[in-house]
Structure formats: structure tokens, C-alpha cells
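Here are a few friendly notes to read alongside the model. I have kept them brief.

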Amino acid sequence: MADDGDRAPRDRRHGPTTERGLDRVVNFSDAVVAIAITLIILPLVDLAQEYGGGPVAAFLAENWTGLAAAALSFVIIANFWRDHHRIFERTVGYSKRLVSLNFVWLAGIVFLPLPTVLLFDSSGDDRGAPMLYIATMLVSMVAVRLQQLVIQRDGLLSEEAAAMPPRPWALVWAPTGLMLLAFILAATVPGLGTQALFLLLLSIPLGWVGGRRHRGD
């Protein structure tokens, strides 16, 4: 059966690279993710400052949708980072197209706080906000999967990682397919709106299952 885990070729087609260069790519990515995941909570901080000292329970009741969106965005970005970290932990080099795809992945991460804020103020009938939110995450999910393919095809895997059993392509791409399904539902089902986002939570255990199978746990 076809999969995305074909053995890494031995020829290093990516050209000369250094460990320091790879470290800079990873460190830069980590810094961008850290900033993006911090920005998610800032709109709620502003709302709390403007609240006027009422009961905390009332504030939470009035802003529960924003809190839920921020919590979901935090979990999703954290899961994105875990996936990215797992891939680059097994990488010993980089190529130009890998770096380019990494910037596409980062673009989705950086942009995510904006649709998160739009979700705070959107009505239940507004399909645009959840569609933009899910589409943003789709960009990062597809980009990281393509990075994984480039790492394997360009022979950038470590010897230990290349010797491990490959993960079935269906399992690798299942979370992305789930994200696409959530986008279709948000776009076509009237009134569904942000409720389609809860499908995204299923991508997290799928990623864990895939990681455990890949490690042979």
C-alpha cells in the first residue's frame, strides 16, 4: 500500500547545509509560534480590562464563545508545534524548498489570531469567520505534510528515522482530511458555524495514534 514514509534516498540533493543553519530554522519557527500563541489571549485581556469590575462569573458567561475559541486555538497551535517538532527532531539537514514550505506553515500560524478574534464577534449565522479560521489551519496542516514529504524525498532524515517503519499515508493525512470536512460543513450547513470547529479536536488523538504507531509503542 502506498504511503508517505518511503525510505529516504541516500543522495543529498539539498546541497551543503550546516547544523547551525538547521538550528536557526527551528529556533526561528519556535519563536514565531510562541508569539502567535500568546497573541490569541490578548483580545480577552483587553475585554477584561474594559469590563468594569463586575462578577467574574458574569464576565465568563458573556465571553464564553471567545474563551472557547481562544482555548481551541491554543490547543490547535500546540498540536501543530508538536507535529512540527516531531518532524524536525528526525531531520539532519534542510533544503530551499523545505525552508519555503516552513514559511508557508508559519504564515498560517501567524495569521490564526486574526480569525480567532473574528470568531469572538461573529454571529451564529456568519459562515465567513469559521470558514476563514479553518482555512487558515488547513494551510499550515498541508504545509507541514508537504515538509514531511520533502524531508523524506530529499534524504534529510536521520539514519535512525529512515530505518523506522513508515506510517500509512491514510493515517498521516487523516487530520487534514478531517479539517477539510470541517471546512465543508461550515460552508454548507446553515447555522452550524463554529460548531464545526469541534471536529478539529478529533485530529489531536489521530496525531497521537499515528505517532505511537510510528514509534512502535
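1. Helix H1 (19-39) and helix H2 (42-49) each contribute at least two residues to a nonpolar surface patch. Its members are Ile35, Leu39, Ile41, Leu42 and Val45, with about 390 Å² of accessible area together. Helices here are DSSP runs of H or I with at least four residues, numbered from the N terminus. Nonpolar patches join Val, Leu, Ile, Met, Phe, Trp or Tyr side chains within 5 Å, with over 30% relative accessible area and no salt bridge (Lys or Arg side-chain nitrogen within 4 Å of an Asp or Glu carboxyl oxygen). Areas are Shrake-Rupley values with a 1.4 Å probe.

2. Please keep in mind that this is a predicted model, where local features need pLDDT of at least 70, side-chain atom pairs need 80 or more, and totals for chains, interfaces and linings use all residues. Numbering runs from 1 along each chain as its sequence is written, and side-chain values use heavy atoms, without hydrogens or water.

3. Within H1, Gly21, Leu22, Val25, Ser29, Val32, Val33, Ala36 and Ile37 are buried (under 20% relative accessible area; exposed is over 50%, partly exposed in between). Down the axis of H1, these buried residues fall within an arc of 140°, so they line one face; the arc is taken from axis-to-C-beta directions. The face turned away from that side carries exposed Glu19, Arg20, Arg24 and Ile35.

4. Leu42, in helix H2, counts as partly exposed because its relative accessibility is 37%.

5. Leu146 sits in helix H7 (residues 128-153). Its C-alpha atom is 9.4 Å from that of Asn102, 44 residues apart along the chain.

Key: Patches are made of residues with over 30% relative accessible area and no salt bridge: like charges are joined within 9 Å, nonpolar side chains (Val, Leu, Ile, Met, Phe, Trp, Tyr) within 5 Å. Buried means under 20% relative accessible area, exposed over 50%, partly exposed in between (1.4 Å probe, protein chains only).
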